[in-house]
Amino acid sequence: MIPIVRADGAAEWELLASLRRRSGEVDRKVTAAVTEIIDAVRERGDDAVREYTVKFDGRCPETFEVNRDEINDALTLAEPEFVNAMLSAMENIAAFHNRQKQQSFIDTQENGVIMGQRVRGLSRVGLYVPGGTAAYPSSVLMNCIPARIAGVGEIVMVTPPQKDGTANPDILAAAAVAGVDRVFLMGGAQAVAALAYGTDSVPRVDKIVGPGNIYVATAKRLLYGTVDIDMIAGPSEILIAADDTANPVYLAADMMSQAEHDVLASSVLLTTSERVAEETAAELERQVERLSRAGIIRKSLADYGMIIVCRCEAEMIALANELAPEHMEIMTANPLEYIGKIDNVGSLFLGQHSPEPLGDYFAGPNHVLPTSGTARFFSPLGVDSFLKRSSFLYYTREALAEAQVPIVRLADREGLTAHANSIKVRFPDVW
Ligand SMILES: NC(=O)c1ccc[n+]([C@@H]2O[C@H](COP(=O)([O-])OP(=O)(O)OC[C@H]3O[C@@H](n4cnc5c(N)ncnc54)[C@H](O)[C@@H]3O)[C@@H](O)[C@H]2O)c1
Ligand SMILES: N[C@H](CO)Cc1c[nH]c[nH+]1
Ligand SMILES: [Zn+2]
């Protein structure tokens, strides 16, 4: 099911490059399909969304927006254990994200100059919550809680309808718990385009955030500029670095926890132990049998899975920083030492007792994370994703008089005489 490769300084880099080339080919086909969908929604609005919903999701709901009573009823009817689990997770997620708050500041100087920075929440954001092959109430919490902490004016959520055209009740219950303002039943690229352009039913938003499959991630990438986006958060990825102390039962289980998301998900194990590599490959075969999404897992591991036997720890670290994975687990004798060594990663999971699903559901850090190597420059979703900053300043006549010479010199140097003039007219006795 999964190839094992021995690192020799060349083979492993070629393999990582080939993984990239293959996903590049997928990207090109998907980009063409998504461009067509975006154009149709821009031109024909709700009608186009309706057609694509029928094509990709089954039945289209009569009205896209879910009414408030249905959202509240979903929470009332939800199993108490499920609601309590969401509330416990929410407490941890809120505690973690409250640490990320940014403050406005105002700086008053002795010469009367005042300057500062105002930080405020965006006016209206769109949350994408996936719902194709699985429903993700946890993603409702991960998207909505930081948005609320940031003070976003209006939180609009889109999520695909179920096959019969209705809303998934767990998603609605999560929306009620988290405090989403409006919910629309539409998914994929068509929903992202509807949020970006606005339609008769859907209000145009300032920023679209949230994870999704390759169609969703591609639509966000193509629409960036028409609307702001958080990052490219596409099909899930896990990279594990393991030494001889790691338990192959855990390694296999954790690799499959991400492989089950999508046939395009990627699970890679780097290990300095030949024994761990062989036993993990065997464990994957053994454990997959009893998992409900075995079909997706097998395909994902065959196409985008790999075990690389590395010659030393430094080689594992170099490969990890090159791959820039969404999630990385460290299963070595010294996990905490990796915190400062892995620069390109969405989220690190340290030690045997911090499996990736702990972060997906419960611990507090966000599970909306950059994929496809974009952890080189993107960060996890957080409160800052929903904020805008602007600055302000106030000078007295005396303070401006003191600053006039360097300003005029710099303006002259740039050949921008109107800039210099704006200073000079205020001090005609000097210039
Ligand atoms: N990176 C992250 O932070 C993160 C977090 C959670 C989930 N995920 C990922 O989210 C994804 C969820 O995927 P999903 O499919 O279950 O739900 P989804 O909601 O992302 O996608 C479903 C939509 O895809 C569209 N679609 C399906 N087939 C299509 C086709 N052939 N052409 C055009 N559009 C098509 C449909 O419109 C459908 O509504 C997985 O890839 C998972 O790994 C990522
Ligand atoms: N692992 C996903 C991010 O790649 C998040 C998630 C939600 N539910 C389960 N998992
Ligand atoms: Zn997951």
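In the unreviewed UniProt entry, Tyr 128, Gln 190 and Asn 213 are listed under "binding site". These three residues span 86 residues in sequence, yet no two of their C-alpha atoms are more than 12.8 Å apart in the model, so they gather at one spot. The model is a predicted one, and the paragraphs below take two of the listed positions in turn before moving on to the ligand and the nonpolar core.

Tyr 128 belongs to strand S5, which runs over residues 124-128. With 29 other C-beta atoms within 10 Å, Tyr 128 counts as buried, because 20 or more such atoms are enough for that label. When neighbours within four places in sequence are left aside, the contacts of Tyr 128 are Val 158, Ala 191, Val 192, Ile 208, Gly 210, Gly 212 and Val 216.

Asn 213 sits in a loop, between strand S8 (207-209) and helix H7 (214-223). Asn 213 is buried as well, with 22 other C-beta atoms within 10 Å. Beyond its neighbours within four places in sequence, Asn 213 is in contact with Pro 130, Gly 132, Gly 234, Pro 235 and Asp 262.

One of these contacts of Asn 213, Gly 132, returns in the surroundings of ligand 1. The shell around ligand 1 holds 31 residues, and the closest are Gly 132, Gly 187, Gly 188, Pro 211 and His 261. By class, the shell is made up of 15 nonpolar, 13 polar and three charged residues. Helix H1 (11-57), helix H6 (188-197) and helix H7 each supply at least two residues of this shell, and H1 gives the largest share, with three residues. On the level of domains, domain 1 (28-100 + 108-230) and domain 2 (235-376) each contribute at least three residues to the shell around ligand 1.

Turning to the interior, the largest nonpolar core comprises 121 residues. Such a grouping fits a broader pattern, because nonpolar side chains tend to be buried together in soluble globular proteins. Within this core, the residues with the most contacts are Ala 175, Val 192 and Leu 270. The core, too, draws at least three residues from each of domain 1 and domain 2. For Ala 175, the contacts outside its neighbours within four places in sequence are Ile 71, Val 140, Met 157, Val 180 and Val 183. Val 192 offers a link back to the listed binding site: this core residue is among the contacts of Tyr 128.

Terms used
Residues are numbered from 1 along each chain as its sequence is written. Chains are lettered from A and ligands numbered from 1 in the order in which they are written. This is a predicted model: local features need pLDDT of at least 70, side-chain atom pairs count only at pLDDT 80 or more; totals for chains, interfaces and linings use all residues. UniProt positions are given in the numbering used here, feature names are shortened, and annotations may be inferred rather than shown by experiment. Helices (H or I, at least four residues) and strands (E, at least two) are DSSP runs, numbered from the N terminus. A residue is buried if 20 or more other C-beta atoms lie within 10 Å of its own, exposed if 12 or fewer, and partly exposed in between; C-beta atoms are placed from the backbone. Two residues are in contact if their C-beta atoms, placed from the backbone, lie within 7 Å. A residue is near a molecule or strand if its C-beta atom, placed from the backbone, lies within 6 Å of it. Ala, Val, Leu, Ile, Met, Phe, Trp, Tyr, Cys and Pro count as nonpolar, Asp, Glu, Lys and Arg as charged, and the others, Gly among them, as polar. Domain bounds come from an automatic or database domain assignment. A nonpolar core is a set of buried Ala, Val, Leu, Ile, Met, Phe, Trp, Tyr and Cys residues joined through C-beta atoms within 7 Å.
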